Amino acid sequence: MNELVRPRQGRWFAGVCLAVANRFGWSVALVRILAIVAVVFFGLSLWAYILLWIVVPTER
């Protein structure tokens, strides 16, 4: 597994979904869809996304 960093290339908003997809070897489209569904149905996940945006470092 790769380390958890937000890449500079290929990200849409903050790169959190791309970082999670790269870390676990998942499809970035799947992670983005899951994130959108989680925000729509469970609003608390928006806070988790913002927290990851702050905590996960950007790729150098």
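**Three helices and a greasy surface**

Okay, let's start on the outside: helix 3 supplies the largest share of the nonpolar patch, 8 residues. Before I go on, keep in mind that this is a predicted model.

So which residues form that nonpolar patch on the surface? From helix 3, which covers residues 44-55, you'll find Leu-44, Leu-46, Trp-47, Ile-50, Leu-51, Trp-53, Ile-54 and Val-55 in the patch. Trp-12, Phe-13 and Val-39 belong to the patch too. Together, the patch residues have about 1,300 Å² of accessible area. For background, nonpolar side chains in soluble globular proteins tend to be buried together.

Let me pick out one patch member, Phe-13. This residue sits in the segment before helix 1. Is Phe-13 buried or exposed? With a relative accessible area of 60%, Phe-13 counts as exposed, because the cut-off for that is over 50%.

Now let's go inside, to helix 1, residues 16-24. Here Val-16, Cys-17, Leu-18, Ala-19, Val-20 and Ala-21 are buried. What do the buried residues of helix 1 pack against? They pack against helix 2, which spans 28-41, and against helix 3. And right where helix 1 ends, just after it, Gly-25 takes a positive phi of about 75°.

How many residues are in the largest nonpolar core? There are 7: Ala-14, Val-16, Cys-17, Val-20, Ala-21, Val-31 and Tyr-49. Helix 1 gives the most to this core, with 4 residues. If you're looking at Val-16 on the screen, check who it touches beyond four places in sequence: Arg-6, Tyr-49, Leu-52 and Trp-53. Tyr-49 is a fellow member of that core, while Trp-53 is one of the patch residues.

Next, the rings. The whole structure has 2 aromatic pairs. One of them is Phe-24 with Trp-26, and this pair is stacked: the centres are 5.2 Å apart, with 25° between the planes. Neither ring's residue is buried: Phe-24 is partly exposed at 43% relative accessibility, and Trp-26 is partly exposed at 46%.

On to helix 2, where I'd like to show you two isoleucines. Ile-33 is in helix 2, and so is Ile-36. Ile-33 is exposed, at 53% relative accessibility, and Ile-36 is exposed as well, at 55%. In general, an α-helix has 3.6 residues a turn, so residues three or four places apart point the same way. As for where these two sit, Ile-33 has its C-alpha 9.5 Å from that of Cys-17, with the two positions 16 residues apart along the chain. Ile-36 is 9.1 Å from Leu-46, C-alpha to C-alpha, and those two are 10 residues apart in sequence.

Last stop, the segment before helix 1. Gln-9 lies there, and Gly-10 does too. Gln-9 is exposed, with a relative accessible area of 67%, and Gly-10 is exposed at 51%. What does Gly-10 touch, not counting residues up to four places away in sequence? Leu-18 and Arg-32. Leu-18, you'll remember, is one of the buried residues in helix 1. Gly-10 and Val-28 are 18 residues apart along the chain, and their C-alpha atoms are separated by 9.9 Å. Now take Gln-9 and Val-39: they're 30 residues apart in sequence and 24 Å apart in space, C-alpha to C-alpha.

To wrap up: helix 1 gives the most to the largest nonpolar core, and its buried residues pack against helices 2 and 3. Helix 3, meanwhile, gives the largest share of the nonpolar patch. That's my tour, thanks.

Notes:
Residues numbered from 1 in each chain as written. Predicted model: local features only at pLDDT ≥ 70, side-chain atom pairs only at ≥ 80, totals over all residues. Heavy atoms only, no water. Buried < 20%, exposed > 50% of the residue type's maximum accessible area, 1.4 Å probe, protein only. Contact = heavy atoms within 4.5 Å. Patch = residues over 30% accessible without salt bridge, like charges linked within 9 Å, V, L, I, M, F, W, Y side chains within 5 Å. Areas by Shrake-Rupley, 256 points an atom, 1.4 Å probe, with all protein chains shown as cover. Salt bridge = Lys/Arg side-chain N within 4 Å of Asp/Glu carboxyl O. Core = buried A, V, L, I, M, F, W, Y, C linked by side-chain atoms within 4.5 Å. Phe/Tyr/Trp six-rings, centres within 6.5 Å; stacked < 30°, edge-to-face > 60°.
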